[in-house]
Amino acid sequence: MALSAGLQMRQNQSLVMTPQLMQSIRLLQFSHIELTRFIEQEVERNPLLELVSSDNDQAEAGPEAPVEPPVAQAAVGEVDDVGGDAAWAGSAESQAERMTSEIDVRYENVFPDDHGTERVDQPEFIDNWKSMPGSEGGHSGEGYDLDDFAARAPTLRDHVTEQIAFAFSDPAERLIATELADQLDAAGYMVGDMAETVERLGADPEQVEAVLTRLQEFEPAGLFARSLSECLGLQLARKDRLDPAMAALVDNLELLARRDFSALTRICGVDEEDLLDMMAEIRGLDPKPGTRFETGSSEMIVPDVSVRPASDGGWNVELNPDTLPRVLVNQTYFATVTGKMQKNAAGQEFLSECLQTANWLARSLDQRARTIMKVATEIVRQQDAFLLHGVDHLRPLNLKAVAEAIGMHESTVSRVTSNKYMITPRGVFELKYFFTVSIASAEAGGDAHSAESVRHRIRVLVDQETPEAVLSDDDLVLLLKKSGVEIARRTVAKYREAMSIPSSVQRRREKRARARAAAV
């Protein structure tokens with residue numbers, strides 16, 4: 001069989017993910033803060049892009065509004081003198097403002113006593129100061145934000161380091177204390193191994209233990225503990241409440257978690273009334289004393305969609321303008337610079353790429369806003385009963401139903417609902433909150449129930465139970481079945497554990513103990 005080379009022509013279709021298409025997909029799942037950071041980076045790289053705030057006058061000029069050339073920076077306190085000296089003539093007020101602007105630019109005004117000039121604490125200067133923009137009583141109506149000058153909140157490490165400087169005078173002990181402080185986690189616990197620390201420092205184990213004991217006396221109580229029991233014990237000892245009974249309770253927290261009151265009363269040597277009082281003291285302690293210190297800036301949730309009742313009985317769905325960055329493409333600047341760079345091929349190519357990128361970003365942001373609006377509107381239409389009556393009427397919903405309703409792919413809907421929030425009369429919810437698993441109805445042909453509404457019903461039933469009639473998982477299944485929910489016992493147990501609800505045995509012990517204590 002002879003082998004030979006030949007040419008063949010074939011036509012086929014394939015989907016190619018271009019870089020811009022991949023970036024558009026990323027834009028869909030960006031949160032408001034991530035999108036703002038991305039656009040700010042693009043504005044820094046692209047000279048044709050302008051990020052316009054809602055109160056900027058350029059927003060009214062349209063997408064081709066030219067950017068005014070920057071005015072040279074004047075001296076401190078000086079305004080833009082566009083019209084020359086003639087602009088200052090005509091009123092005593094304008095002359096006074098110019099006098100104010102000259103105070104910081106003339107050398108003799110820095111040391112008025114040395115040069116025989118007027119003092120800056122004279123009434124004339126004070127009147128001019130009050131008339132300056134940004135000052136109290138000024139005509140601009142805008143003052144300084146004192147938060148800009150506020151001191152940074154101390155971190156856990158700053159707080160501990162400050163106490164180490166005062167508590168230890170010996171350099172060796174201070175070195176050991178600093179090393180132990182490096183082993184604190186965000187909750188204030190010691191996460192290092194003492195044996196490794198002793199070996200690494202080459203110190204005496206008794207000395208390291210003594211330093212740790214002194215560190216455990218720092219504020220807040222509970223720092224440098226090596227376990228939860230030790231953390232709670234340190235706080236109780238600080239309050240002079242670590243008696244033998246309380247120490248036994250702290251050493252048996254696993255029994256407390258299981259609410260095994262009979263075993264705890266036997267171990268602690270107290271009755272149930274005293275045990276409940278001791279448990280109340282335990283609840284008042286801080287299991288993570290280090291978390292009270294600021295470890296980072298918290299970002300406030302800004303809803304992307306707003307839902308309000310309409311006058312016709314429906315719902316008004318609107319996008320939050322604060323989460324929609326306004327980007328303008330400066331076409332005038334592009335035309336001006338391109339006309340002056342006719343002989344610079346590299347410069348023209350760069351500007352063309354910048355224009356293409358800017359137009360793509362503007363279109364992608366518009367498409368992103370439209371897609372969010374479509375998905376949010378469909379969610380509101382599907383969950384109308386929830387908005388009217390609450391979580392009991394939350395319908396089961398999946399991504400496929402919304403995608404088919406708006407004519408999009410499920411992956412697109414999934415990206416849109418990530419990190420997006422909706423503010424409703426019921427509160428602020430993430431868009432993914434409205435997508436829940438379907439649980440069949442106990443009635444033939446009845447509507448299915450959402451998993452979130454079933455969890456809410458379980459919570460309500462448990463809250464309403466009495467010490468004499470604590471509901472087991474089987475009882476919850478029967479009650480839910482009577483209300484039209486077909487659910488298995490293992491599903492009820494899974495939902496109960498996910499909501500941190502103890503078992504019926506543990507709840508019965510706790511409620512009976514509380515009832516007896518209340519009767520006494």
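**Fold, sheet and salt bridges of the predicted model**

Among contacts in the protein between residues at least 6 apart in sequence, 59% join residues at least 24 apart. The structure is a predicted model, and the protein contains 23 helices and eight strands. Of its 520 residues, 35% are buried. The exposed area of the protein is about 32100 Å², of which carbon and sulfur atoms supply 52%.

An open sheet is formed by four strands in the order β3-β2-β5-β6, with mixed pairing. The edges are occupied by β3 (315–319) and β6 (427–430); each has a single partner strand, so one side of each is left without a neighbour in the sheet. On average, and with direction ignored, neighbouring strands of this sheet are turned by 20 degrees against each other. Strand β2 (residues 305–309) pairs with β3 in the antiparallel sense over five bridges. Within this pairing, R308 has N316 in β3 as its bridge partner. Helix α16 (residues 345–382) packs on the sheet and touches β2, β3 and β5 (421–424). The direction of α16 makes about 155 degrees with that of β3.

Helix α16 also holds a salt bridge between R370 and D366, whose closest N and O atoms are 2.8 Å apart. R370 and D366 are four residues apart in α16 and are therefore separated by about one helical turn. D366 is partly exposed, because its relative accessible area of 38% falls between the 20% and 50% limits.

A search of the whole structure finds 17 salt bridges. One of them joins E173 and R214, with the closest N and O atoms 3.2 Å apart. This pair links distant parts of the chain, as E173 belongs to helix α7 (residues 171–181) and R214 to helix α9, 41 residues apart. E173 is partly exposed at a relative accessible area of 22%, and R214 is likewise partly exposed at 33%. In addition, E209, R226 and E230 are linked in a network of salt bridges.

The loop between α9 (205–215) and α10 (228–238) contains P220, and the peptide bond from E219 to P220 is cis, with omega near -5 degrees. E219 also forms a salt bridge with R238, the closest N and O atoms being 2.8 Å apart. Here too distant parts of the chain are linked: R238 lies in helix α10 and E219 in the loop between α9 and α10, 19 residues apart. Both partners are partly exposed, R238 with a relative accessible area of 34% and E219 with 44%.

Most residues other than glycine have a negative phi, and most peptide bonds are trans. Against this background, D240 has a positive phi of about 60 degrees although it is not a glycine. D240 is located in the loop between α10 and α11 (244–250) and counts as exposed at 67% relative accessibility. N419 is another residue other than glycine with a positive phi, near 60 degrees. N419 is found in the loop between α19 (410–416) and β5, and its relative accessibility of 36% makes it partly exposed.

On the surface, M17, L21 and M22 make a nonpolar patch of about 260 Å². L21 is placed in helix α1 (residues 19–29) and is partly exposed, with a relative accessible area of 34%.

Technical notes. Residues are numbered from 1 along each chain as its sequence is written. This is a predicted model: local features need pLDDT of at least 70, side-chain atom pairs count only at pLDDT 80 or more; totals for chains, interfaces and linings use all residues. Side-chain values use heavy atoms; hydrogens and water are left out. Two strands pair if DSSP finds at least two bridges between them. Helices (H or I, at least four residues) and strands (E, at least two) are DSSP runs, numbered from the N terminus. Axes are lines fitted to C-alpha atoms, for helices over the stretch in contact, and angles run from 0 to 180 degrees between N-to-C directions. Contact means heavy atoms within 4.5 Å. Buried means under 20% relative accessible area, exposed over 50%, partly exposed in between (1.4 Å probe, protein chains only). Patches are made of residues with over 30% relative accessible area and no salt bridge: like charges are joined within 9 Å, nonpolar side chains (Val, Leu, Ile, Met, Phe, Trp, Tyr) within 5 Å. Accessible areas come from the Shrake-Rupley method with a 1.4 Å probe; for residues, only the protein chains shown count as cover. A salt bridge is a side-chain nitrogen of Lys or Arg within 4 Å of a carboxyl oxygen of Asp or Glu.
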